[in-house]
Amino acid sequence: MQFTTEALVKILSIHALWRTDSNQGKRADLSGADLTRAYLANADLTGANLVAANLTDANLTGADLSGADLRGANLTGADPINANLSGADLTGAILHGADLTGADLTRGDLTGANLVVADLTDANLTGADLRRANLVAANLTDANLTGANLSDADLTDANLTGAIRPKGFTPPETPETEPVG
């Protein structure tokens, strides 16, 4: 389902009421919504239902998605730069090539998420669940991974320069390539 700008503004307004008085407003239900290239910069989507939403190339800069349900959502190429995704459920979400620079993913559930070539520079992943996440060629420069669960995560060719790593974590070794000739 695709939304007009006016309809989306109305949903966000009603959601804002819900955030202050649950008897007045209603939690935003954008599950399965087509929000491709939507402009949601600085939007308050705290606790919103975005299950299986298509947020491809959406501008989520500075958005508050804390506690949001984004299971199976497609955020390919999205820009949640400096967004608050603390406690968000991103299980199985597609964040291929997403720019999560400076994003707060504290205690977020990214189990099985696709973060191939995602930019997580300066992201806060403290206590995040990244089990079985695909982080191939992801940029985790200066990211905080304290207490993150990286069990069975694929970090092949990921950049962990300056990252604060969980205790006992050893990054995968990059295989040496055989010289040709």
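Contact here means heavy atoms within 4.5 Å. The model is predicted.

**Thr56.** Thr56 sits in the segment after helix 1 (5–20). Is Thr56 buried or exposed? Buried means under 20% relative accessible area. Thr56 has 15% relative accessibility, so Thr56 counts as buried. Which residues does Thr56 touch, leaving aside neighbours within four places in sequence? The contacts of Thr56 are Leu35, Thr36, Arg37, Asn74 and Thr76.

**Core.** The largest nonpolar core holds 56 residues. Leu90, Leu95, Leu100, Leu110, Leu115 and Leu125 have the most contacts inside it. In soluble globular proteins, nonpolar side chains tend to be buried together. Beyond four places in sequence, Leu90 contacts Leu70, Leu75, Leu85, Leu95, Leu105 and Leu110 among others. Asp109, Thr111 and Ala113 are also in contact with Leu90.

**Whole protein.** The protein has one helix and zero strands. Its radius of gyration is 17 Å, which agrees with the value near 16 Å for a compact globule of 181 residues. The C-alpha trace spans about 65 × 35 × 20 Å along its principal axes. Among contacts with a separation of 6 or more, 7% join residues 24 or more positions apart.

| Property of the protein | Value |
|---|---|
| Buried share of the 181 residues | 41% |
| Exposed area | about 8800 Å² |
| Carbon and sulfur share of the exposed area | 48% |
| Positive side chains | 11 |
| Negative side chains | 23 |
| Distance between the centres of the two charge sets | 10 Å |

How values were computed. Residues are numbered from 1 along each chain as its sequence is written. This is a predicted model: local features need pLDDT of at least 70, side-chain atom pairs count only at pLDDT 80 or more; totals for chains, interfaces and linings use all residues. Side-chain values use heavy atoms; hydrogens and water are left out. A nonpolar core is a set of buried Ala, Val, Leu, Ile, Met, Phe, Trp, Tyr and Cys residues joined through side-chain atoms within 4.5 Å. Buried means under 20% relative accessible area, exposed over 50%, partly exposed in between (1.4 Å probe, protein chains only). Helices (H or I, at least four residues) and strands (E, at least two) are DSSP runs, numbered from the N terminus. The radius of gyration is taken over C-alpha atoms; the globule rule is 2.2 Å times the number of residues to the power 0.38. Accessible areas come from the Shrake-Rupley method with a 1.4 Å probe; for residues, only the protein chains shown count as cover. Lys and Arg count as positive and Asp and Glu as negative; His and the chain ends are not counted. The place of a charge is taken as NZ of Lys, CZ of Arg, CG of Asp or CD of Glu.
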